[in-house]
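Good morning, and thank you for joining this group meeting. I would ask you to look at the sequence and the structure as they come up on the screen.

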Amino acid sequence: MSAQPKPYYNPEVYLELERQAAHKSEYFRGEIFATAGASRNHNRIKENLSIGIGSYLKGKRCQSFSSDMRLHIPSNGLYTYPDLVVVCGEPQMLDAAFDTLLNPTIIVEVLSESTKNYDRGEKFALYRQLPSFREYLLIDSEAVRAEAWFKPEDGFWTLRQETGQIEDSLTIQTLDFTLPLRDMYDQTVGLLP
């Protein structure tokens, strides 16, 4: 028995389907990938980050968008939904639908068992092709662990901070903002030591 070929979709068809869909899907190289639901801890951490960062940004030149804001990377064709993005300056959108962002400054991913290797590896490599992208935060949803990657204007990406201590804080350098891990992990359950 031969395997059925995977259907190929062009980006225009993907966007048309996605804008009508009840569930989110990502797109890369002609394939559409359904996104899985998230755990309680994943959602709790994402909400805590959204509240903390969003509150800090009120009245400032940067703004945050949660995981319903689609991100597109024109240089490699990826359409994806990061857990949280921050744009400093005017948001650039793909088209008049205003639902696809092109210029994130900060991207936050909450890691789960099924996505952590992709988020740290291939997805990070794809994100780095965005000229506006300066800071990448990875927050584990299964254990207290956070990483902050940073790229200065004329430099290289470096792991600027890594911690696994609930008493520590994570500094978001681009925003000059420090968020305690205790606040990020508030109301989570069953974290690994």
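I shall speak about one hairpin and then about two loop residues.

Please bear in mind throughout that this is a predicted model.

Let us begin with the hairpin. Strand 12, which covers residues 169–172, and strand 13, which covers residues 177–180, form a hairpin with 4 residues between them. The two strands run antiparallel and are joined by 4 bridges. Within this pairing, Leu170 stands opposite Leu179 of strand 13.

Where do the side chains of strand 13 point? They alternate along the strand. Phe177 and Leu179 are directed to one face and are buried, whereas Thr178 and Pro180 are directed to the other face and are not buried. Leu179 thus appears twice in this account: it faces Leu170 across the pairing, and its side chain is buried.

I now turn to the loop of this hairpin. Asp176 lies in the loop between strand 12 and strand 13. Its phi is near 55°, a positive value in a residue that is not glycine. Is Asp176 buried or exposed? Asp176 counts as exposed, because its relative accessibility is 67% and the cut-off for exposed is over 50%.

The second loop residue is Arg29. This residue is found between strand 1, residues 25–28, and strand 2, residues 31–34. Arg29 is not a glycine either, yet it has a positive phi of about 50°. With a relative accessibility of 63%, Arg29 also counts as exposed.

Thank you for your attention.

Methods:
Residues are numbered from 1 along each chain as its sequence is written. This is a predicted model: local features need pLDDT of at least 70, side-chain atom pairs count only at pLDDT 80 or more; totals for chains, interfaces and linings use all residues. Side-chain values use heavy atoms; hydrogens and water are left out. Buried means under 20% relative accessible area, exposed over 50%, partly exposed in between (1.4 Å probe, protein chains only). Two strands pair if DSSP finds at least two bridges between them.
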